[in-house]
Amino acid sequence: MTTIPKIRYSRRSVLKTGGAAMAATALPAPMVWGQAIKDVTLRQFGTGVSNLNEVAAKVKEDLGFTLEMTALDSDSVTQRAATQPDSFDIADIEYWICKKVWPTGNLQAMDTSKITNYDKIVGIFRDGKLTPDSVIAQGTAPHTVGFVDGPGSTDFVDNESGWMTLIPTIYNADTLGIRPDLIGRPINNWSELLNPEFAGKASILDISSIGVMDMAMVVESMGEYTYPDKGNMTREEIDLTLGIFTEAKQNGQFRAFWKTFDESVNLMASGEVVIQSMWSPAITAVKSRGIPCVYQPLEEGYRSWGGGIGLSNSLSGIELDAAYEYINWYLSGWVGGFLMRQGYYSAVPETSKEHMSVNEWGYWFEGKEATDTITSPFGDPLAQAGEVRDGGSFFDRMGAVACWNAVMDENQYMVRKWNEFIAA
Amino acid sequence: MTDQTLPIPASEPARRKPASRHVIGWLQAAPLALVLAVFLVAPIVMIVVVSFWGATEFSIYPAFQFDNYAFLFGSDVTYRVFANTFKYALITWIFTLLIGFTVAYFLAFHVRSLTWQIALFLLCTIPFWTSNIIRMISWIPFLGREGLANSTLLSWGVIDAPLEWLLFSDFSVILAFVHLYTLFMVVPIFNTMMRIDKSLIEAAADAGATGWQTLWHVIIPLTKPGIMIGTIFVVTLVMGDFITVRFMSGSQSANVGRMIQNDVGLLQYPSAAATAVILLITVLLVIGILLRFVDIRKEL
């Protein structure tokens with residue numbers, strides 16, 4: 001118990017709880033913490049997607065301790081997780097970031113026997129299969145970086161070892177967004193992004209790691225090339241992919257590139273762009289302005305992403321217990337419902353169901369017609385009675401994932417080529 | 001009044017001992033020197049040092065290697081981006097100079113009363129009460145495909161289809177630059193013009209010079225220092241910019257600032273530092289050349 005001074009509660013509170021605290025550290029009985037846990041502050045950082053103040057407020061209410069949230073962009077998140085392990089307790093990161101960060105040893109593996117709802121976590125995050133006969137998509141599939149041998153191990157294993165790197169929290173399947181009113185015909189393939197019909201009215205996101213995956217979906221759909229693994233291209237494949245897009249750019253295919261969520265919303269809402277890579281809540285934002293916008297399911301499938309929370313290696317004692325309590329709470333349903341009502345998916349859908357109305361569950365998860373107005377957790381109406389979610393049910397959407405966001409071995413080369421593409 | 005008498009006895013011994021006067025001089029210069037050293041020299045030294053470091057995907061490590069510079073000079077993207085940066089600077093300079101000079105000329109020579117001069121001058125500065133990002137972004141809905149400019153032109157029947165090049169093009173980038181930075185040209189030119197002895201202009205008129213001759217042979221030569229200061233402002237601002245280019249070109253064009261920003265975003269600090277060093281040298285060279293034409297120190 002020499003690590004006690006490292007735990008961040010004041011010396012006075014140590015003295016106050018005195019022997020009880022010492023005893024409790026030795027005995028794994030979380031209940032003993034009772035009062036002390038209220039003084040705990042966990043520092044969480046991550047991308048804006050799930051770093052919501054509502055979650056922090058609910059944690060305070062349900063669990064009693066304080067959760068400090070810091071939202072950063074994914075590059076900063078990667079850097080912080082990799083280089084400043086003492087600056088956070090909980091890292092809310094994407095699985096591909098985990099692949100980069102885990103080898104630094106800044107995160108600690110989590111004992112799945114302490115995770116109450118572990119058995120209910122969807123298959124994607126455990127054996128990689130949504131249903132027993134699913135095919136595992138290309139890229140950094142979450143289960144490939146989801147498990148390690150045990151505490152302290154830096155190598156990923158391909159089975160459910162009982163030690164998880166990240167606890168999955170939120171995920172979704174991304175595709176192209178379109179303006180059906182301005183296009184006026186069905187769109188069924190990724191290749192439409194480079195269709196000269198939409199010259200000067202297309203856009204792609206200027207975030208290299210994700211943009212290059214969207215590009216690969218387009219290239220494959222055009223029949224130009226079939227990648228052995230879109231998530232891990234060779235230099236030649238990178239040259240080919242960006243070559244095709246550079247040519248399109250010089251021919252005036254793109255109206256603009258976007259880097260932030262708001263930009264993508266404005267491009268679409270103003271009619272500058274009619275087809276572009278887009279994220280689910282951006283579609284919602286365009287729709288809430290009364291402008292028709294569809295998150296178009298495409299034949300080639302979706303590009304998917306998943307996030308999870310990881311624990312800092314320096315967490316121990318009461319704070320580690322608090323973190324486990326937080327994780328169990330996270331999977332127990334309230335957050336899942338909150339996220340699913342925005343169009344994301346929760347890692348344990350069945351617990352989220354209890355926190356959603358039958359109508360909401362039907363619309364968001366089962367792909368059924370809405371029986372009444374669907375509103376976001378913030379009160380904005382998102383769909384009217386009779387509307388169906390783009391892409392259908394959870395199994396239709398997550399079952400059609402073609403690739404996962406990934407980090408390539410040739411990442412640095414890809415980034416340089418991406419910069420050339422932007423400057424071309 | 002007693003305060004004023006105090007420094008005199010203090011300066012008496014100083015005059016007797018030149019050494020201590022040096023000490024006082026150094027002490028007087030010290031605060032500014034310290035501020036400059038900490039906030040100007042040290043960061044630049046740091047940037048130069050880091051530009052020789054190495055980087056992995058998520059960390060940087062001290063080293064002394066020329067990789068960053070080798071990559072920078074070995075890539076034709078660098079040259080294209082620098083050329084683009086110069087293009088923006090040159091075109092923006094021409095427009096801000098023409099507009100800035102005209103505005104300053106009007107204020108200095110056509111507006112007779114000092115009150116009106118001040119009032120109109122303040123009017124020019126009103127847009128600067130808002131942030132320059134807001135001033136820049138407000139162009140986007142105006143110039144867009146379904147924006148005010150296009151819908152007006154359409155309703156007047158001037159055009160049949162919306163003009164695509166109004167937004168997310170070099171046109172919109174330069175338009176925003178000119179809008180943002182013309183005041184930096186107006187102020188120094190106006191300032192030098194106000195110092196021109198009006199009798200010189202009367203003398204020119206008496207000697208039979210036309211308006212244009214007076215402008216060309218009297219006013220412009222006397223305004224050169226102001227033009228030069230304005231030029232330095234505009235050129236350095238445009239060459240160092242990244243956000244205007246990003247927003248107004250819809251991320252489709254790049255200048256050096258954006259290259260640095262991309263590197264920073266991807267945690268490639270050494271490579272960003274190397275680019276920054278080259279940009280700094282380039283801008284200093286440009287200013288060095290400009291200063292060869294006009295001795296602004298004479299006017300300050």
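The bend at a residue is the angle between axes fitted to the seven residues ending there and the seven starting there. This predicted model admits local features only at pLDDT of at least 70 and side-chain atom pairs only at pLDDT 80 or more, whereas totals for chains, interfaces and linings use all residues. Residues are numbered from 1 along each chain as its sequence is written, with chains lettered from A and ligands numbered from 1 in the order in which they are written.

**Figure 1. Helix 10 of chain B and its bend**. Helices (H or I, at least four residues) and strands (E, at least two) are DSSP runs, numbered from the N terminus. Helix 10 of chain B bends by about 40° at B:Tyr181. The expected span of a helix is 1.5 Å times one less than its number of residues. For the 26 residues of helix 10 (residues 170-195) of chain B this gives 38 Å, which agrees with the 37 Å between the end C-alpha atoms.

**Figure 2. Two loop residues of chain B with positive phi**. Most residues other than glycine have a negative phi. B:Phe168, although not a glycine, has a positive phi of about 55°; B:Phe168 is located in the loop between helix 9 (148-156) and helix 10 of chain B. A residue is buried if 20 or more other C-beta atoms lie within 10 Å of its own, exposed if 12 or fewer, and partly exposed in between, with C-beta atoms placed from the backbone. B:Phe168 is buried, because 29 other C-beta atoms lie within 10 Å. B:Ser251 is likewise not a glycine and has a positive phi of about 65°. The loop between helix 13 (243-248) and helix 14 of chain B holds B:Ser251, which is buried with 22 other C-beta atoms within 10 Å.

**Figure 3. The contact between chain B and chain A**. Two residues are in contact if their C-beta atoms, placed from the backbone, lie within 7 Å. By this criterion 20 residues of chain B touch 24 residues of chain A. On the chain B side, the elements that give two or more residues are helix 5 (76-110) and helix 14 (256-265). That side comprises 8 nonpolar, 7 polar and 5 charged residues; Ala, Val, Leu, Ile, Met, Phe, Trp, Tyr, Cys and Pro count as nonpolar, Asp, Glu, Lys and Arg as charged, and the others, Gly among them, as polar.

**Figure 4. Helix 15 of chain A and its surroundings**. Helix 15 (residues 411-423) of chain A has 13 residues and reaches 18 Å from its first C-alpha to its last, close to the 18 Å expected. Of these 13 residues 10 are buried, so helix 15 of chain A is largely enclosed by the rest of the structure. Among the buried residues are A:Met414, A:Trp418, A:Phe421 and A:Ile422. The buried residues pack against helix 6 (208-222) and helix 7 (235-250) of chain A, together with helix 5 and helix 14 of chain B.

**Figure 5. The two domains of chain A**. Domain bounds come from an automatic or database domain assignment. Chain A is divided into domain 1 (34-165 + 304-331) and domain 2 (174-301 + 400-423), with C-alpha centres 29 Å apart. The contact takes 11 residues from domain 1 of chain A and 12 residues from domain 2 of chain A. On the domain 1 side, helix 4 (95-101), strand 6 (138-139) and strand 13 (302-312) of chain A each supply at least two residues. Helix 4 of chain A gives the most to that side, with 3 residues. The domain 1 side divides into 4 nonpolar, 4 polar and 3 charged residues.

**Figure 6. A:Glu325 in helix 10 of chain A**. A:Glu325 is found in helix 10 (residues 317-330) of chain A. With 21 C-beta neighbours inside 10 Å, A:Glu325 counts as buried. A:Asn266 is 59 residues from A:Glu325 along the chain, and their C-alpha atoms are separated by 40 Å.

**Figure 7. The two domains of chain B**. The domain assignment of chain B gives domain 1 (1-41) and domain 2 (76-299). Their C-alpha centres lie 41 Å apart. The secondary structure of chain B comes to 15 helices and 2 strands, and 30% of its 300 residues count as buried.
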